[in-house]
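Me: Hi! Could you walk me through this one? I'd like to go helix by helix and then look at a few side chains.

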Amino acid sequence: RRTLAGLHLAAAARLLPPHDLGRPRTVDACPEFALLGPAPSAGAAAARLAAIEALPSDITLPAVLALAIAHGEIAQARPFVRANGLVARAMDRVLLASTGLDPTGVAVIEAGHGVAGGTAYQGALQAYARGDLAGLLVWIDHCADAIVAGATEGERIADAILAGRLTS
């Protein structure tokens, strides 16, 4: 719970008043991810948030699957008033590092999600929202491709820094 609250606090610090930061929404409406349909009620979003919070502690779940489910559920539940997409992508980074898939944090997962364009990202999320196995597999494929593309981008940036083309 603290991780998601902290991610929301950082992601939405300039977008929301202090009383909304790091706290699940209490209103039923949330305009984000409108292509996925109406946001669940605040109570349903809170229940989904509780399920998301349990994912990182499940050591038997493969890292790619944990990332895909956490990101998909945050996008579906839209537990915060605003900045749910930012929180979902930040959670990707947390899970990549904490599961050991990317312990150094080199992968630029945000770039990976966008490599095929926003339509592909939204379409994969819509497939996940259907709640069937085929949709889940489309979303997992998208997330796996995003991890690979994000690692490639991270490698490109690291090589550029080593070559002196980028400075910190």
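**Helices and rings**

Reply: Happy to! Keep in mind that this is a predicted model. A good place to begin is helix H4 (residues 84-98): at 1.5 Å a residue, its 15 residues should span 21 Å, and the end C-alpha atoms are 20 Å apart, which agrees.

Me: Nice. Which residues of H4 are buried?

Reply: They are Asn84, Gly85, Val87, Ala88, Met91, Asp92, Leu95 and Leu96.

Me: And what covers the buried residues of H4?

Reply: The cover includes helix H1 (2-12), H3, helix H5 (109-114) and helix H7 (133-162).

Me: What does Gly100 do just after H4?

Reply: Gly100 takes a positive phi there, of about 85°.

Me: OK, switching to H3. At what angle do the axes of H3 and H6 cross?

Reply: Helix H3 (residues 63-77) and helix H6 (residues 118-129) have axes that cross at roughly 85° and come within 10 Å of each other. That crossing makes H3 roughly perpendicular to H6.

Me: Which residues make that contact?

Reply: From H3 you have Ile69, His71, Gly72, Glu73, Ala75 and Gln76, and from H6 there are Tyr121, Leu125, Tyr128 and Ala129. Sorted by type, the residues of this H3 and H6 contact are 6 nonpolar, 3 polar and 1 charged.

Me: Tyrosines, good. How many aromatic pairs are there?

Reply: The count comes to 2 aromatic pairs. One of them is Tyr128 with Trp139: the ring centres are 6.4 Å apart and the planes sit at 55°, so the pair is tilted.

Me: Which helices does the pair of Tyr128 and Trp139 tie together?

Reply: Tyr128 lies in helix H6 and Trp139 in helix H7, so the pair links parts that are 11 residues apart in sequence.

Me: Are those two rings' residues buried or exposed?

Reply: Tyr128 counts as buried, at 11% relative accessibility. Trp139 is buried too, at 0%; the cut-off for buried is under 20%.

Me: Which residues form the aromatic cluster?

Reply: Tyr121, Tyr128 and Trp139 form one cluster. Tyr121 and Tyr128 also appear on the H6 side of the contact with H3.

Me: Last one, Glu155. Where is Glu155, and how far is Glu155 from Leu65 in space?

Reply: Glu155 is in helix H7. Its C-alpha is 23 Å from that of Leu65, and the two are 90 residues apart in sequence. Glu155 has a relative accessible area of 48%, so it is partly exposed.

Methods. Residues are numbered from 1 along each chain as its sequence is written. This is a predicted model: local features need pLDDT of at least 70, side-chain atom pairs count only at pLDDT 80 or more; totals for chains, interfaces and linings use all residues. Side-chain values use heavy atoms; hydrogens and water are left out. Axes are lines fitted to C-alpha atoms, for helices over the stretch in contact, and angles run from 0 to 180 degrees between N-to-C directions. Helices (H or I, at least four residues) and strands (E, at least two) are DSSP runs, numbered from the N terminus. Angles under 35 degrees count as roughly parallel, over 145 as roughly antiparallel, 65 to 115 as roughly perpendicular and the rest as oblique. Contact means heavy atoms within 4.5 Å. Ala, Val, Leu, Ile, Met, Phe, Trp, Tyr, Cys and Pro count as nonpolar, Asp, Glu, Lys and Arg as charged, and the others, Gly among them, as polar. The expected span of a helix is 1.5 Å times one less than its number of residues. Buried means under 20% relative accessible area, exposed over 50%, partly exposed in between (1.4 Å probe, protein chains only). Rings of Phe, Tyr and Trp (its six-membered ring) pair if their centres lie within 6.5 Å; planes under 30 degrees apart count as stacked, over 60 as edge-to-face and the rest as tilted.
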